Amino acid sequence: MTKSVRGKLMRGLKRFATSILVLMVFGASAVTLSFYIVSLTDEQADDRLRMSDIPPPPPKPFASRYTLWVKTVIGSGLTDFGSSHTGPVKNVIANRLPVTATVGLLSWTLAWGLGLALAVSLATHWSEWAEFHQKRIYPIAHAVPSLVVVILFYLLLIQFNPRPDHFLRASVGIASLVVLMLPATTALWLNGIQRIMQQEYIRVARARGIAPIAVWWRHVLPNVVVSSGVLTQAVFSLAGLIVGSAFVEGVFRLGGVAEAFIEAATRGQAELAGVATLLYFLVLSTGVLLAEGLAIYLNPDGDHVHADS
Amino acid sequence: MQTPRHRRDWKSAGAWLLLGFTAAVVLAPHRLTGVPERQAQSFMPPSLYHSSTAGNEYLLGTDYLGRSFLAVLGVAVSATAQVALGGTAAVLLGVLVVGTIHGSTQSRLLRSALSMGNLGVMAVPEAAVLITIAAIWPRTATTWHVNASMISVLVFFAIPPGARLIAERIRAVNKSGYVTASRECGATSLYTFWYDVWPHLTEDVAWIAASVLPRFVAAEVGLAYLGVEYREFEGLGRIIAKSFNNLIDSTARFQMLVTIAAILWVALIPQVVLHLRSMRAWKAESI
């Protein structure tokens with residue numbers, strides 16, 4: 001192994017280790033904070049307050065409740081997440097997570113995949129529409145509230161099928177999420193592609209007669225992934241989708257994690273809120289580490305990726 | 001290919017008309033109609049297509065509480081737009097103050113704070129924070145405290161990305177020769193900012209406003225649907241949530257579509273303003 005390769009590897013590992021450290025600190029703080037905030041509220045106590053003159057007992061102290069929860073979670077090897085008012089948290093998560101994860105992963109893959117395909121088409125065959133997309137379609141789509149799009153999809157669905165089954169509701173829900181995300185993903189990909197296409201090395205590669213597919217595969221796409229912010233945005237959007245697209249789950253009655261989180265937050269179920277936050281950061285951390293790994297693999301130095309041949 | 005001039009003029013006139021109508025709706029309802037009161041049965045059909053036999057005619061029907069839907073919609077558009085405009089104004093103020101300080105100084109502390117803020121904005125789901133903030137206030141808390149805290153969250157989430165954009169622009173403008181010349185001629189900082197820097201910021205400020213205002217609309221509408229809305233606040237979110245809960249009723253469905261059109265109207269108003277700006281720029285260039 002040469003000295004320069006070893007140096008690059010060390011720099012890459014350092015970046016990776018820093019990312020892990022930052023994520024751990026950030027995640028632990030977020031879980032503790034969400035547990036603390038939610039443990040302050042007790043809607044049932046508020047209800048009792050309205051029903052009688054007797055003052056309700058104060059909520060359980062945060063420190064002892066949090067310590068017990070952390071001990072339970074770590075002691076069980078991440079198999080027991082404590083109990084909330086509605087029963088063991090692991091049951092709530094086990095029932096709801098598969099739905100949310102399926103909806104989130106499918107819509108994320110489709111939105112970013114179709115976004116890339118559309119951006120490549122706009123950069124090549126449909127270049128006369130590229131400016132129209134970036135200046136008109138994307139800003140307008142960005143301004144439309146997501147709830148409105150989801151409701152419109154639902155209305156469309158019940159026009160054709162007034163009693164849709166779970167599969168159909170989930171499919172149309174995924175379609176609505178894809179339509180919501182597509183303008184933004186296309187804009188991000190296209191922005192990166194257009195920037196890279198103007199680079200000198202792309203012109204040189206073309207002038208040297210390298211096949212267009214090879215130029216795209218070896219020069220354009222790796223540089224877009226590394227330098228355009230697509231990776232970062234994709235990772236954060238995946239984490240957001242996995243924890244729940246509250247509107248899609250609510251409007252299409254899919255019964256996902258987001259609804260449970262909202263109930264947890266409004267009813268003082270700190271254990272459930274803590275697990276939802278932990279889940280979010282686990283997905284986020286996995287995504288960030290994969291993205292960091294990919295970025296380091298493609299570009300250990302932090303500059304543009306371009307092969308010599 | 002350029003659009004013919006007469007079509008641009010028509011578009012411009014239409015956009016101004018729409019803006020004027022919006023301003024009238026945002027400012028008028030409370031003064032002219034007051035808070036709508038119950039007058040008839042819930043979800044009476046609109047007199048637009050179904051004339052009432054009882055003698056009461058309601059252009060868009062009645063809402064879930066038996067109030068004239070047109071009046072309720074007017075008040076809701078006004079309330080939602082006022083919150084969105086107020087919040088956007090607060091964001092713009094924050095963005096300009098932080099961006100100007102960051103762009104004019106070499107403060108490493110501010111740079112780190114903004115970088116962390118940007119990361120936080122991307123990493124922390126805004127909706128989750130809003131739901132948590134809305135939920136922790138006890139029922140006895142004042143409406144002002146609850147609503148102000150929720151709007152503050154939205155404002156804080158919007159400031160870091162905008163401030164970074166403004167700071168970069170100010171740094172680029174400050175490097176230019178005419179700003180240096182203006183300072184060397186003895187112009188005050190305020191004078192230089194107003195006459196030499198501000199004209200270069202207006203486009204960025206317009207784009208920030210156009211992206212921020214819809215977020216306030218979306219947050220109000222979305223939170224109301226999720227049941228964690230602003231307290232004692234009747235905006236477009238509550239209307240759409242109530243219509244959605246009564247989807248079986250055809251009047252509710254009709255009113256939901258009308259509400260969706262109203263939401264799109266409020267959320268897309270900044271795009272109309274941007275369109276007007278681009279037309280003015282085109283006219284200035286053609287002169």
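The following exercises, each with a worked solution, treat a predicted model of two chains, A and B.

Residues are numbered from 1 along each chain as its sequence is written, while chains are lettered from A and ligands numbered from 1 in the order in which they are written. Because the model is predicted, local features need pLDDT of at least 70 and side-chain atom pairs count only at pLDDT 80 or more, whereas totals for chains, interfaces and linings use all residues, and side-chain values use heavy atoms, with hydrogens and water left out.

**Exercise 1. Describe the make-up of chain A and of chain B.**

Step 1. Take the secondary structure, in which helices (H or I, at least four residues) and strands (E, at least two) are DSSP runs numbered from the N terminus. Chain A has 13 helices and two strands, and chain B has ten helices and zero strands.

Step 2. Turn to burial, where buried means under 20% relative accessible area, exposed over 50%, and partly exposed in between, with a 1.4 Å probe and protein chains only. Of the 309 residues in chain A, 45% are buried; of the 287 residues in chain B, 45% count as buried.

Step 3. Add the accessible areas, which come from the Shrake-Rupley method with a 1.4 Å probe, only the protein chains shown counting as cover for residues. Chain A has an accessible surface of about 16200 Å², 67% of it belonging to carbon and sulfur atoms, and chain B exposes about 14900 Å², with 64% supplied by carbon and sulfur atoms.

Step 4. Finish with contacts (heavy atoms within 4.5 Å). In chain A, 78% of the contacts between residues at least 6 apart in sequence join residues at least 24 apart; in chain B, residues 24 or more positions apart account for 70% of the contacts with a separation of 6 or more.

**Exercise 2. Identify the residues that touch the most other members of the largest nonpolar core, and follow V251(A) outward.**

Step 1. A nonpolar core is a set of buried Ala, Val, Leu, Ile, Met, Phe, Trp, Tyr and Cys residues joined through side-chain atoms within 4.5 Å. The largest one has 132 residues, and I151(A), V251(A), F252(A), L284(A) and L236(B) touch the most other members.

Step 2. Helix α8 of chain B gives the most to this core, with 14 residues.

Step 3. Leaving aside residues up to four places away in sequence, V251(A) touches L147(A), V150(A), I151(A) and Y154(A), and also Y225(B) and F244(B) of chain B.

Step 4. Another core, of 18 residues, lies apart from the largest one and includes V31(A), W69(A), V89(A) and A276(A).

**Exercise 3. Determine how E259(A) and R96(A) are joined, and set the pair beside E131(A) and K135(A).**

Step 1. A salt bridge is a side-chain nitrogen of Lys or Arg within 4 Å of a carboxyl oxygen of Asp or Glu, and the structure holds eight of them over all chains.

Step 2. The side chains of E259(A) and R96(A) meet in a salt bridge at 3.8 Å, N to O. Because E259(A) lies in helix α12 (residues 257–266) of chain A and R96(A) in helix α4 (residues 89–123) of chain A, the pair ties together parts that are 163 residues apart in sequence.

Step 3. Both partners are partly exposed, E259(A) at 29% relative accessibility and R96(A) at 23%.

Step 4. K135(A) and E131(A) form a salt bridge at 3.2 Å, N to O; being four residues apart in helix α5 (residues 127–143) of chain A, they are separated by about one helical turn.

**Exercise 4. Characterise the aromatic pair formed by Y191(B) and Y195(B).**

Step 1. Rings of Phe, Tyr and Trp (its six-membered ring) pair if their centres lie within 6.5 Å, and planes under 30 degrees apart count as stacked, over 60 as edge-to-face and the rest as tilted. The structure holds 18 such pairs over all chains.

Step 2. Y191(B) and Y195(B) form a tilted pair, with 4.5 Å centre to centre and 40 degrees between the planes.

Step 3. The two tyrosines are four residues apart in helix α8 (residues 189–226) of chain B, and are therefore separated by about one helical turn.

Step 4. Y191(B) is partly exposed, at 44% relative accessible area, whereas Y195(B) is exposed, at 51%.
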